[in-house]
Amino acid sequence: MEENSNQEQPSDLFHDQVEFTPASQGQRFLNLLIDGLFMRFALSLATGYVFGYILLGIAPDFLADVAYEIEGGPKTWRFWVLSILLGYFNYLIYYAICEKAFKGYTLGKLITGTRAIRDDGQELTFKDAILRTLSRIVPFEAFSGFGDRPWHDNWTKTTVIKVR
């Protein structure tokens, strides 16, 4: 008997009927706060140490110049450029890797009992996780969280739901 390729599978029919409860603005704010604190302290300390160690091995004079700038030297822009680039690197690594590898969870989402999924209810792909992360970098994007749906959810067709 030949199967009709346009016919939906029973698992697809069931999945379309599953209702998800969106995370509250309070939960989403706590996610932002917890993830932000973790990124800025634990992750930045670890990547800063590793990055500094690598720079010490391949460009010790440059690292000495940057250290001099911190002390009030004339070219402080290099320190700030390195800091900003390292911050963006941490941001990309933390959100993209966590949301994909841990099936939509970050530390903040795990603590608040929420999870990121696609609008169709499927698990995030790596592309979804990267695009969510990149769209969070847009200036003033954080303020879109005060509305019905943050830009990074709307643009990437994803959402954050309650899981407990």
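These legends walk you through a predicted protein model, one close-up at a time.

Because the model is predicted, local features need pLDDT of at least 70 and side-chain atom pairs count only at pLDDT 80 or more, while totals for chains, interfaces and linings use all residues. Residues are numbered from 1 along each chain as its sequence is written, and side-chain values use heavy atoms, leaving out hydrogens and water.

**View 1. The whole protein, with seven helices and two strands.**
Helices (H or I, at least four residues) and strands (E, at least two) are DSSP runs, numbered from the N terminus. Following the sequence, you meet them in the pattern α-α-α-α-α-β-α-α-β. Of the 164 residues, 32% are buried; buried means under 20% relative accessible area, exposed means over 50%, and partly exposed lies in between (1.4 Å probe, protein chains only). The protein exposes about 11100 Å², with carbon and sulfur atoms supplying 66% of that area. Such areas come from the Shrake-Rupley method with a 1.4 Å probe, and for residues only the protein chains shown count as cover. Contact means heavy atoms within 4.5 Å. Among contacts with a separation of 6 or more, 62% join residues 24 or more positions apart.

**View 2. A nonpolar patch on the surface.**
Which residues form this patch? They are Phe29, Leu30, Leu32, Leu33, Leu37 and Phe41, with about 610 Å² of accessible area together. A patch is made of residues with over 30% relative accessible area and no salt bridge; like charges are joined within 9 Å, and nonpolar side chains (Val, Leu, Ile, Met, Phe, Trp, Tyr) within 5 Å. Take Phe29 as an example: this residue is found in helix H2 (residues 25-58). Phe29 counts as exposed because its relative accessible area is 53%.

**View 3. The largest nonpolar core.**
Six residues make up this core: Met39, Leu43, Tyr91, Tyr94, Tyr95 and Cys98. The elements giving two or more residues to the core are H2 and H4, and H4 gives the most, with four. A nonpolar core is a set of buried Ala, Val, Leu, Ile, Met, Phe, Trp, Tyr and Cys residues joined through side-chain atoms within 4.5 Å. Look at Leu43 and its surroundings: leaving aside neighbours within four places in sequence, Leu43 is in contact with Phe38, Asn90 and Tyr94.

**View 4. Two strands side by side, E1 and E2.**
Strand E1 (residues 114-118) is mostly covered, since four of its five residues are buried. E1 pairs with strand E2 (residues 158-162) in the antiparallel sense over five bridges. Two strands pair if DSSP finds at least two bridges between them. To find one bridge yourself, start at Ile117 and look for its partner in E2, Thr159. In a regular strand, the side chains alternate between the two faces of the sheet.

**View 5. Salt bridges that meet at Arg132.**
A salt bridge is a side-chain nitrogen of Lys or Arg within 4 Å of a carboxyl oxygen of Asp or Glu. The whole structure holds ten of them. In one, Glu99 joins Arg132, with the closest N and O atoms 3.0 Å apart. This pair links distant parts of the chain: Glu99 is in helix H4 (residues 77-101) and Arg132 in helix H6 (residues 126-136), 33 residues apart. Glu99 counts as buried because its relative accessibility is 0%. Asp153 also forms a salt bridge with Arg132, at 2.5 Å between the closest N and O atoms. Here the link runs between helix H7 (residues 151-156), which holds Asp153, and helix H6, which holds Arg132, 21 residues apart. Asp153 and Arg132 are both buried. Through shared partners, salt bridges join Arg28, Glu99, Lys109, Arg132, Arg136 and Asp153 into one network.

**View 6. A salt bridge from helix H6 to strand E1.**
The side chains of Asp128 and Arg118 meet in a salt bridge (3.4 Å, N to O). Asp128 lies in helix H6 and Arg118 in strand E1, ten residues apart. Is each partner buried or partly exposed? Asp128 is buried, with a relative accessible area of 10%, whereas Arg118 is partly exposed at 26%.

**View 7. Arg164, in the segment after E2.**
Arg164 counts as exposed because its relative accessibility is 68%. Not counting residues up to four places away in sequence, Arg164 touches Leu110, Ile111, Thr112 and Gly113. Arg164 and Thr21 are 143 residues apart in sequence, and their C-alpha atoms are 9.8 Å apart in space.
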